[in-house]
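Biologist: Could you walk me through one part of this structure up close? I am new to this, so please take it step by step.

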Amino acid sequence: MITFAGVTKRYPDGTVAVDRLDLEIPAGRITVLVGPSGCGKTTTLRMINRMVEPSAGTVTVDGRDVREVDPAALRRGIGYVIQQAGLFPHRTIIDNIATVPYLLGWDKKKARARAHELMERVGLDPALARRYPAQLSGGQQQRVGVARALAADPPIMLMDEPFSAVDPIVRAGLQEEFLRLQRDLEKTIVFVTHDIDEAVKLGHRIAVFRVGGALAQYATPAELLERPADDFVTDFLGGERGIRRLRFFQELDAEETAAEAAGAGDAAGEDEGGRTAAAGR
Ligand SMILES: Nc1ncnc2c1ncn2[C@@H]1O[C@H](COP(=O)(O)OP(=O)(O)OP(=O)(O)O)[C@@H](O)[C@H]1O
Ligand SMILES: [Mg+2]
């Protein structure tokens, strides 16, 4: 579990990016930080791996104050994925993915074997191993970014708008694959997006921030859509569109109830269909 207790970040120029944040991020789940540009999502994420130090308050990972952990050691245990993947342009794909294992002193053969295994996991053709990042599509580069973050099997992954640089169709595919991967891996994932649809699709829990870095609401997707805390959250959910999404959740609930009443079997298949149809909305 990751906790923020009374965390404020004030940058040297006086900008308050995060304002007295209290947040408990559960282990083994996807928690999404969402909100308009400049509301402090990236700053919040970077306080977990000490790329940014809080001005006040405490961040803990599994009960341990991150200030007590050497930043380099901390970062090796926390995968980090950013927009545009942030790959090393002069290293091959295989060596990009093996970056952290190399840093950890694994021998080259073992590190590359691990990198090959991960390419398969994230749906990359092994034939791409010896290419350079510029020779890959945007979606493939994002997959490499995810594979690189997974390389040392860190229990925690920080993902900052990892899928926002690709077109909507590639993006939907990456989201689906990511959910499938997470079903197996059960990492503690903190995922930043400014897209409420992505948040609802991926998050077990969603933290909505407002500009100025205050937490507006922290809830499950269904709770958020059903009971927005205030007008800001309602607007952010998108008025009418929010209401449509809420209907979708209510229908899902109704289907689940019907499925339970009817026993397993066919009804479960319909439920899957419902989710797939909604994912394309
Ligand atoms: N190094 C810095 N020095 C001063 N102000 C900063 C610094 N980094 C970020 N900020 C400011 O802090 C606030 C929060 O920035 P942050 O990058 O955390 O927002 P964000 O929610 O990730 O935004 P976006 O959706 O645009 O990525 C913004 O007002 C930003 O201008
Ligand atoms: Mg950001």
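In what order do the six strands of the open sheet come, and what is their pairing?

Modeller: Happy to! Keep in mind that this is a predicted model. The open sheet is built from six strands, and reading across it you meet E6, E7, E8, E3, E9 and E10 in that order, with mixed pairing. At its edges sit strand E6 (78-82) and strand E10 (214-219), each of which pairs on one side only. On average, neighbouring strands of this sheet are turned by 15° against each other, direction ignored.

Let's begin at the E6 edge. Helix H6, covering residues 138-150, lies across E6 and E7 and runs at about 165° to E6. Next, look at E7 (residues 156-160) beside E8 (residues 188-193): these two pair in the parallel sense, over five bridges. One pair to find here is Ile156 with its bridge partner in E8, Thr188.

Before E8, look for helix H7, which spans residues 168-185. Its 18 residues reach 25 Å from the first C-alpha to the last, close to the 26 Å expected at 1.5 Å a residue. Glu186 follows H7, and its phi is positive, near 50°.

Now go to the other edge. Strand E9 (residues 205-210) and E10 run antiparallel and are joined by five bridges. Within this pair, Val208 stands opposite Gln217 in E10. The hairpin of E9 and E10 has three residues between the strands, and Gly212 in this hairpin takes a positive phi near 105°.

Methods: Residues are numbered from 1 along each chain as its sequence is written. Chains are lettered from A and ligands numbered from 1 in the order in which they are written. This is a predicted model: local features need pLDDT of at least 70, side-chain atom pairs count only at pLDDT 80 or more; totals for chains, interfaces and linings use all residues. Helices (H or I, at least four residues) and strands (E, at least two) are DSSP runs, numbered from the N terminus. The expected span of a helix is 1.5 Å times one less than its number of residues. Two strands pair if DSSP finds at least two bridges between them. Axes are lines fitted to C-alpha atoms, for helices over the stretch in contact, and angles run from 0 to 180 degrees between N-to-C directions. Two residues are in contact if their C-beta atoms, placed from the backbone, lie within 7 Å.
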